[in-house]
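Q: I'd like to learn how to read helix packing and cavities in a model. Can we walk through one together?

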Amino acid sequence: MNEQLSAYKIKQGRRIYDIYNIVNSFSYALVTGNTITLYALLLKANTTEVGLLTAFMYLSFFAIPIGKLMVRRFSIMQTFGLTWLLRTASLLPILAIPLLVTLGHERYALYCLLLAVGFFNFFRGVGMIANNPVIRILAPGKDRSSYIVRISLTNNLAALLATVLLAWLLRLDASVHTYNFTSIIGILLGFIGSLLLFKIPEPQSAKPRHQAAPAASVPQHQLARQEAASDQRFAFFNHVR
């Protein structure tokens, strides 16, 4: 991916990506990690089920090959946006938990939580493949390291604010309804963040061969396999939110 965006498009893309990182990290803190573990414990999850929630995080890495297949069909930002939309949509079953608890079906409520977290991490893994290419598109110069540090600080600050909000709400009322309220906020912000990804500009070289001009005399399927094997855009960060 040697082609670069113009300075104007890089500036525009960074502005959108900065907003995305704030929204996405705030959302992520409300619907994953310790938040989900506490929710599961409230639903009387046993140690095996809590361990399963933790193990689902590693499911992401097994889904990465599917992301490699997707970038042959879709552009980098399309892959990122589509998988993040599916990732957020997979959390929708969580919203049925208060109703199930009210009806006395706490086990089914817990199963909804497990199912949602499993699919969330699966689609997260598929989309992780697009993370590093976005950084390379928006920071093609010498300021890449400082830009990554800035993104990291932004993510951590947004996550901290979300955690403080959650702690304050739980102090007021540590009930299913509080977790449901924070889940609604997290899901809504997740959809907003996912849609922002589609607005980030990308060069033609970030698009698959059927969307960009194919190289002469080289079969398209062979180009795709060569890209999948050697292109650096399939590198990824271990801490993608």
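**Reading helix packing**

A: Sure. Take helix α6 (residues 76–89) and helix α9 (residues 131–138) to start: they pack at an angle of about 135 degrees, and their axes are 10 Å apart. Keep in mind that this is a predicted model.

Q: What does that angle make α6 relative to α9?

A: Angles over 145 degrees count as roughly antiparallel and 65 to 115 as roughly perpendicular, with oblique covering what remains between those ranges. At about 135 degrees, α6 is therefore oblique to α9. As for the hand, α6 and α9 make a left-handed crossing.

Q: Which residues make the contact between α6 and α9?

A: From α6 you have I76, M77 and F80, and from α9 come N131, P133 and V134. Sorted by class, the α6 and α9 contact holds five nonpolar residues and one polar residue, with no charged ones.

Q: Let's try another partner of α9. At roughly what angle do α9 and α10 cross?

A: Helix α10 (residues 144–172) crosses α9 at roughly 125 degrees, and the two axes come within 10 Å. So α9 and α10 are oblique to each other. Here the crossing is right-handed.

Q: Which residues make the contact of α9 with α10?

A: On the α9 side, I135, R136 and L138 take part, and on the α10 side it's R144, Y147, I148 and I151. The class count for the contact of α9 with α10 is five nonpolar, no polar and two charged.

Q: And α1, how far apart are its axis and that of α9?

A: Those axes are 9 Å apart, with α1 and α9 packing at an angle of about 140 degrees. That angle makes α1 oblique to α9. In this pair, I10, G13, R14 and Y17 of α1 meet N131, V134, I135, I137 and L138 of α9. By class, the contact of α1 with α9 has six nonpolar residues, two polar and one charged.

**Reading a cavity**

Q: Now for empty space. How many cavities of 30 Å³ or more does the count give?

A: The count comes to one cavity of 30 Å³ or more. The largest cavity has about 40 Å³ of space in it.

Q: Which residues line the largest cavity?

A: The lining is made of S27, Y28, V31, R87, T88, L91, F120, G186, I187 and G190. If you map the lining onto elements, those giving two or more residues are α1 (7–31), α6 and α11 (176–197).

Q: How do the lining residues of the largest cavity divide by class?

A: Use the same kind of tally as for a helix contact. The lining of the largest cavity splits into five nonpolar, four polar and one charged.

Definitions and conventions:
Residues are numbered from 1 along each chain as its sequence is written. This is a predicted model: local features need pLDDT of at least 70, side-chain atom pairs count only at pLDDT 80 or more; totals for chains, interfaces and linings use all residues. Side-chain values use heavy atoms; hydrogens and water are left out. Axes are lines fitted to C-alpha atoms, for helices over the stretch in contact, and angles run from 0 to 180 degrees between N-to-C directions. Helices (H or I, at least four residues) and strands (E, at least two) are DSSP runs, numbered from the N terminus. Angles under 35 degrees count as roughly parallel, over 145 as roughly antiparallel, 65 to 115 as roughly perpendicular and the rest as oblique. A crossing is left-handed if the near helix is turned anticlockwise from the far one by less than a right angle, and right-handed if clockwise. Contact means heavy atoms within 4.5 Å. Ala, Val, Leu, Ile, Met, Phe, Trp, Tyr, Cys and Pro count as nonpolar, Asp, Glu, Lys and Arg as charged, and the others, Gly among them, as polar. On a 1 Å grid over the protein atoms alone, a cavity is a set of points where a 1.4 Å probe fits but cannot get out, and a pocket is an open set with protein on both sides within 12 Å along at least five of seven lines; lining residues have an atom within 4 Å of a point. Grid points are joined across faces, edges and corners, and a volume is the space filled by probe spheres set on the points.
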